[in-house]
Amino acid sequence: MATPFFRILLALIAIVAPAAISQVARAEPAQAVRVCHAGAALTETYAQIAQDTARWTCGPTNWSILPPRSILRFELPGTGTPPTLLITRLTRFSAMRLTVIGRDGRSVSRDVTQSGMVPGTADWVMSTQLPQAPAPARTVIVQIDNPRHVGMLSDARLGPASAGQGGTLTDELALAALCGMLAMPLLFNFMFYRVLRRPFLLWHAATALFMAATTLVTSGVINRFAALSLTTLCVLSVYTWASGMVTAAFFSADLIEEGMIDVHHRRLLRLTGVWIPLWSTFYLFADGPLRAWATPLYFMSFLPVFGVFAWVMTVARLRGSRAINFQIAAWAPMLITGLIRVATGMGATAAPLELQFEQHLSIALEVIITSLGVADRFLLLKRERDEAKAEAHRHRQEADHDPLTGLLNRRGLEQRFAMLLASGFSAMAIIDLDLFKMVNDTHGHATGDDVLRAVAHVLAADDQTLAVRWGGEEFLLLLAGTDIAARAERRRLAIPVRVATDVPSLNRLVTASMGLVERIPRDGSDLSFSDLYNHCDRLLYEAKLRGRNRTRYGLAGQLALKPAITAKA
């Protein structure tokens, strides 16, 4: 990778590293609370299994949502400020009962539904108030029916009212700023698309949009602005992430240069558009016996996706793709974070690691670095397009211009005649070099070519004159403006002087004859190119018959020429 690119990456790390350290520093100290958990049938209560020690695990291991009912027991210390909230990972469930047992043995219970949970505004958490016991609390029992994610058990904790948001106001502002930053590439992509209409720009805009939406939802910032249900939040979280992954795959399939990956590589990337939404839907709505397996199967479904991404990146990198370098740098943090989440979600650790903060940072890096890759690819494609346009323009110029003199040729004039006529070029003159064949026969064709180039310099175009090499020693002028006849005549008379100066080896003057036709603007004439040319050609013929080195001039009407006027050198 180029040195400037690594500098940008190091700058991003320098920005996010202090934020990560600060996040760790703000983490709450571990509670002096003993937590035990057990599984039960929906017909069993805490009182029925409380004394069955074989069913309880007192420690951060053996978490499972296979039993339909999960029970948590928090044994509180006798000192310190009593907790007021249950805080846990934001997850759907069917029912919950909270019971607080006081030190006097009396207890109070409260049933909680999903609508009774309050989503956090600075993390993917939810909380609810604990019931108030008549005496200082000794034990808190949390009974959860059909939780859909084991993190609801392993992440559960008790805390004060200030902990319910999952973070501080500073965290919320930082996350909101991050969401805004992720939305910025949308503007750049649409600006680029106006210049270069390539689909990868739209796919990247969609990816940035969905990644920003994912961060907005999973960070909890959205809950500051909208009161959404747990189900809505979970659906938004899963489908925005899935859509971001799918559009990222389509983006990569269109971004990578031709020849750097094969057709089947691009097809595999696009197949994620079916695979990821399918398993996302299963994860959200699987129920009954499949409920407990939804999460591990969902995590497993990403393994082939990661494999496809890694394979395509490797192939493109080995084949020398420039665009894939940005993709590798952008996706490495997300793939690492994703693999850790998948591994822990499938049971590699005692409890799944959500790595929400790390995910937000990896998404930010992905969007920013990929945006740099988009800009780089855009500039390369724009340069290629501009070069292709310039090459096409050069070919058109070569096709429309005489290679010897550089003047417009017959083809070029005929294509432009209607436009020139409409823009005020109302006169036509045909100029023919007198006895030019003698120059070629006496001095050779090389000298003849020098003569033709000298004539072209005399007749060179300006704002009101267009010069054309019509063929051989014949030239054509189109003129606009006023004093047309005098201007054309001055050019004709300048030919012998310029030729004598530029081709001193000639032993004779090279003169020219001219036929000039000027349209009368007020007569409403609408003569065609062939009409004007034929009139000019007839006048030129008359000038030749009258002794050469002269001009025959006429006015073109609707039907015929007015009487011609002779101008002699």
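Over which residues does pLDDT stay under 50, with 24 contacts beyond four places in sequence? In this predicted model, the answer is residues 1-31. A second such stretch covers residues 558-564, where pLDDT is also under 50 and the model has 20 contacts beyond four places in sequence. Where pLDDT is low, the predicted coordinates should not be read in detail. For the protein chain, the average pLDDT is 83, and 89% of the residues score at least 70.

I turn now to two residues, beginning with Thr 128. Thr 128 belongs to strand β7, which spans residues 125-129. Is Thr 128 buried or exposed? Its relative accessibility is 2%, so Thr 128 counts as buried, the cut-off for that class being under 20%. The side chain of Thr 128 forms a polar contact of 3.1 Å with the side chain of Arg 110. Arg 110 is also one of the residues that Thr 128 touches beyond four places in sequence, and others among them are Leu 85, Leu 98, Val 112 and Met 117.

The second residue is Arg 469, placed in strand β11, residues 465-471. Arg 469 has a relative accessibility of 15% and therefore counts as buried. What does the side chain of Arg 469 reach at 2.9 Å? The partner is the backbone oxygen of Gly 472. In addition, the side chains of Arg 469 and Asp 402 make a polar contact at 3.3 Å. Beyond four places in sequence, the residues touched by Arg 469 include Asp 402, Leu 404, Asn 409, Arg 410, Leu 452, Glu 474 and Phe 475.

Notes:
Residues numbered from 1 in each chain as written. Predicted model: local features only at pLDDT ≥ 70, side-chain atom pairs only at ≥ 80, totals over all residues. Heavy atoms only, no water. Helix = DSSP H or I, 4+ residues; strand = E, 2+ residues; numbered from the N terminus. Buried < 20%, exposed > 50% of the residue type's maximum accessible area, 1.4 Å probe, protein only. Polar contact = N/O pair within 3.5 Å; in protein donor to acceptor, adjacent residues only side chain to side chain. Contact = heavy atoms within 4.5 Å. pLDDT = per-residue confidence, 0-100.
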